[in-house]
Amino acid sequence: MMKLRSGRTLYYGKGDVLSYRTYAAPLSVKAIPESLYTGDTNIIFAHNIMFSVSSEVLLTSFTQGDNTQVVATDSMKNFILRQTANYDGSTTEGLLAYISERFLEWYPHIEAIEISADRMPFGSVSVTEGSGWRDSQLVFRRSHNEHACARLKWMRSDAGIALSEHECAMKEIQLIKVSGSSFYGFVRDEYTTLPESYDRPLFIFLDVCWTYSEAEDAFDHKRDRYVPSEQVRDIAHTVFHSSNTPSIQNLIYRIGHRVLSSFPQLSEIRFESNNRTWETIVEPAGPVSAGVYTEPRPPYGFQGFTMTREDLNEGRIDE
């Protein structure tokens, strides 16, 4: 939400700007122990973009129906799509920064911009070649699993154009761990009906968001400090697999600790998680015995948590 200097909320924009760019610059990143991800060919560099603007001079378009300073949202859409073709970088964050800076240069009466994008992932299909297999560089399939996101907010001032907010994310991660999670020792009183669990299947929905100490590290991968969302996701996979956790709260703390330890260029990490653990129908007889479950009944529990680099000063957590 954008506000004018007067404190009034004022913005308008365009959503669902679907941009399918081909052959963007490839991305190459350092390997980390928890992930096989080292980059992306970016043969398909696709995003769903939301874009909004704000300015004092736009107030009369609301109060008087005066459109003389209004940039049509259709023009915004065309600007975003055309400028996407001119972008020579390889990250979502860099693309959004490039579009924002060009737009503020082109329309000097616009005071603020908020732009966000969901990366639409496309993975290469596997094809036979001789007696083996390889990834096709021509045929890709759309994934509807977790996806990377980014959000930037820019403000114009007498000193020039400046980034006021940024956040990167991997959203809609859905993970089920069939054993090795527990939840017990919580407050029990007359309102408590939930039984304690010492080994339960745990199904979580998870959004992980982070910010950089220097946002330029996200915009320019050549600085060699870009944090790919795929590596953050894989750290979450590794921690969930290897840790016996007493709660989702402790799980996301462990993930955050590992991410901040792995990437010193990050200043903060934020979590939003949901507990979607299945309802047990047939209790398994042992750790690897058959069990039957169904979707949980609403409502669902959720958690939110933010960590900064100061949390690392508390010492290493037990793995």
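**Pockets**

I went for the largest pocket, and its volume comes out at about 1200 Å³. Pocket here means an open set of points on a 1 Å grid over the protein atoms alone, with protein on both sides within 12 Å along at least five of seven lines; lining residues have an atom within 4 Å of a point. The volume is the space filled by probe spheres set on the points, and grid points are joined across faces, edges and corners.

Which residues sit closest to the centre of the largest pocket? I got Leu194, Arg200, Pro201, Thr277 and Trp278, out of 35 lining residues. Elements giving two or more residues to this lining are β9 (160–183), β10 (197–212), α6 (248–262), β12 (279–282) and β14 (301–308). Helices (H or I, at least four residues) and strands (E, at least two) are DSSP runs, numbered from the N terminus. β10 gives the most, with 4 residues. By class I noted 16 nonpolar, 12 polar and 7 charged residues in the lining. For the classes, Ala, Val, Leu, Ile, Met, Phe, Trp, Tyr, Cys and Pro are nonpolar, Asp, Glu, Lys and Arg are charged, and the others, Gly among them, are polar.

Before going on, a note to self: this is a predicted model, where local features need pLDDT of at least 70 and side-chain atom pairs count only at pLDDT 80 or more, while totals for chains, interfaces and linings use all residues. Residues are numbered from 1 along each chain as its sequence is written, and side-chain values use heavy atoms, with hydrogens and water left out.

Next I took the second largest pocket, at about 850 Å³. It has 37 lining residues, and the closest to its centre are Tyr37, Asp40, Pro121, Phe122 and Glu230. Two or more residues each come from α3 (92–106), β6 (122–129), β7 (132–142), β8 (147–157), β9 and α5 (229–242). β7 has the largest share of this lining, 5 residues. The class split is 16 nonpolar, 12 polar and 9 charged.

**The sheet**

I then traced an open sheet of 8 strands, in the order β1-β4-β5-β8-β9-β10-β11-β14, with antiparallel pairing. Two strands pair if DSSP finds at least two bridges between them. β1 (12–22) and β14 are the edge strands, each pairing on one side only. Neighbours in this sheet are turned by 20° against each other on average, direction ignored; the axes are lines fitted to C-alpha atoms, with angles from 0 to 180 degrees between N-to-C directions.

At the β1 edge, I found 9 bridges to β4 (residues 44–54), running antiparallel. Leu18 stands opposite Asn48 in β4.

I looked at β10 from both sides. With β9 it pairs in the antiparallel sense over 10 bridges, and Phe183 has Ser197 in β10 as its bridge partner. With β11 (residues 266–275) β10 pairs in the antiparallel sense over 9 bridges, and Leu206 has Ser273 in β11 as its bridge partner. β10 is also mostly covered, with 13 of its 16 residues buried (under 20% relative accessible area, 1.4 Å probe, protein chains only).

**Cysteines**

How many disulfides are there? The count is 0, a disulfide being a pair of cysteine sulfur atoms within 2.5 Å. Cys149 is in none; its nearest cysteine sulfur, that of Cys209, is 7.7 Å away. Cys149 is buried at 7% relative accessible area.

Why is Cys168 without a bond? Because its sulfur is 9.2 Å from the closest cysteine sulfur, in Cys209, which is too far. Cys168 is buried, at 2% relative accessible area.

Note on methods:
1 Å grid on protein atoms, 1.4 Å probe; cavity = no way out; pocket = protein on both sides within 12 Å on 5 of 7 lines; lining within 4 Å. Buried < 20%, exposed > 50% of the residue type's maximum accessible area, 1.4 Å probe, protein only.
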